[in-house]
Amino acid sequence: MKVTIVGAGNVGATCADVISYRGIASEVVLVDIKEGFAEGKAMDIMQCATTTVFNTQLSGTTGDYSKTAGSDVVVITSGIPRKPGMTREELIGINAGIVKSVADNVLTHSPNAIIVVVSNPMDTMTYLTLKATGLPKHRVIGMGGALDSSRFKYFLSKALDKPANDIQGMVIGGHGDTTMIPLTRLASYNGVPVSNFLSQAELDKVAADTMVGGATLTGLLGTSAWYAPGASVAYLVDSILNDQKRMIPCSVFLEGEYGQEDICMGVPCIIGKNGIEKIVDVQLNDAEKALFAKSADAVRNMNADLKSVL
Ligand SMILES: NC(=O)c1ccc[n+]([C@@H]2O[C@H](COP(=O)([O-])OP(=O)(O)OC[C@H]3O[C@@H](n4cnc5c(N)ncnc54)[C@H](O)[C@@H]3O)[C@@H](O)[C@H]2O)c1
Ligand SMILES: O=C(O)C[C@H](O)C(=O)O
């Protein structure tokens with residue numbers, strides 16, 4: 001199976017690295033516009049083949065999309081990341097043009113590919129990709145919920161002082177500092193509701209820390225995070241290529257689901273070889289429904305800024 005990753009920067013290269021050492025795909029092509037950059041990243045990762053022991057074939061190219069031909073999955077991470085103090089939404093002016101042209105280029109050579117959108121503001125970039133390409137909704141997947149949910153489980157594990165892998169939980173809604181919805185009511189420690197162990201104040205703090213998880217890391221690192229984002233994309237790609245049918249919150253085009261139309265935002269999806277195979281209808285309570293509607297208003301507001309590119 002072949003995966004193309006456009007943008008060989010922090011997230012793209014980390015994703016290529018994880019896909020390779022976990023043997024998720026047989027071939028990975030990295031693409032970047034910076035001369036020699038993707039080639040260098042691919043060579044560096046390939047030189048791990050005998051020490052981390054993998055057989056994935058990686059290559060890099062400076063903008064030659066013919067090398068990406070026949071990809072099963074294309075990941076778009078090209079664009080600028082935020083700096084401390086910025087929101088993801090401020091990136092739209094530069095990233096919208098980049099994402100649109102990249103989506104056109106990859107589809108020319110891989111007309112059957114499933115596209116995974118990572119560039120921010122991710123929900124709006126997913127909507128742009130879907131509208132600009134005309135692809136069916138099951139083939140355009142925005143990655144944000146997998147990452148936000150892994151952060152949610154990290155903060156729950158810290159609060160509970162229990163291993164993160166014993167914790168289940170999901171974040172839905174927009175992938176923004178104020179639009180994420182960590183579903184604390186449904187989170188569990190090995191099936192036992194986390195509210196059995198944590199007070200409401202502790203749960204509220206976990207939710208707040210999760211929502212600003214990306215901003216906190218951006219403040220610490222000077223640019224946005226890449227290890228967990230890259231690994232989260234690889235997790236999603238694995239579920240597609242290996243038809244695992246995992247339930248992963250992803251940004252997907254909604255046509256009435258969760259009471260929303262004509263918008264891409266994060267809801268739980270079954271992810272398999274066809275991309276988004278099902279949107280799972282989790283019964284939200286009234287408070288969660290209100291948060292989802294508010295989140296949708298903010299994402300829709302951002303989508304309105306796409307007028308100049310769509
Ligand atoms: N959805 C998420 O959960 C999530 C997580 C982390 C980062 N992000 C976003 O992903 C994007 C990339 O982040 P990063 O940290 O890897 O940034 P980065 O600057 O390290 O890498 C981006 C790369 O894209 C390349 N690029 C720019 N325009 C291009 C084009 N037209 N064609 C090909 N390559 C191009 C750049 O040369 C650069 O190497 C940002 O927009 C960031 O906000 C999203
Ligand atoms: O925080 C960012 O800007 C990058 C990404 O969306 C993240 O959540 O790490």
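**Close-up 1. Polar contacts hold ligand 1 in view at Asn95, His175 and Ile80.** In this predicted model, an N or O atom in the side chain of Asn95 is 3.2 Å from an oxygen atom of ligand 1. The side chain of His175 also brings an N or O atom to 3.2 Å from a ligand oxygen. Ile80 uses its backbone: an N or O atom there lies 2.8 Å from an oxygen atom of ligand 1. On its own, ligand 1 exposes 860 Å². The protein buries 90% of that area.

**Close-up 2. A shell of 28 residues surrounds ligand 1.** The closest are Asn10, Val11, Asp32, Ile80 and Met143. By class, the shell has 15 nonpolar residues, eleven polar ones and two charged ones. Helix H1 (10–21) and helix H4 (92–109) each supply at least two shell residues. H4 gives the largest share, three residues.

**Close-up 3. Ligand 1 lies between two domains.** Domain 1 covers 2–143, and domain 2 covers 145–304. Both give residues to the shell, so ligand 1 sits between them.

**Close-up 4. Three strands form an open, antiparallel sheet.** The order is S7-S10-S11. Strands S7 (167–168) and S11 (192–193) stand at the edges. Each has a single partner strand, so one side of each is left without a neighbour in the sheet. Strands of a sheet pair through backbone hydrogen bonds.

**Close-up 5. Two bridges join S7 to S10.** S10 spans residues 188–189 and runs antiparallel to S7. Gln168 has Ser188 in S10 as its bridge partner.

Conventions: Residues numbered from 1 in each chain as written. Chains lettered and ligands numbered in written order. Predicted model: local features only at pLDDT ≥ 70, side-chain atom pairs only at ≥ 80, totals over all residues. Heavy atoms only, no water. Pairing = 2+ DSSP bridges. Helix = DSSP H or I, 4+ residues; strand = E, 2+ residues; numbered from the N terminus. Near = heavy atom within 4 Å. Polar contact = N/O pair within 3.5 Å; in protein donor to acceptor, adjacent residues only side chain to side chain. Areas by Shrake-Rupley, 256 points an atom, 1.4 Å probe, with all protein chains shown as cover. Nonpolar A, V, L, I, M, F, W, Y, C, P; charged D, E, K, R; others polar. Domains from an automatic or database assignment.
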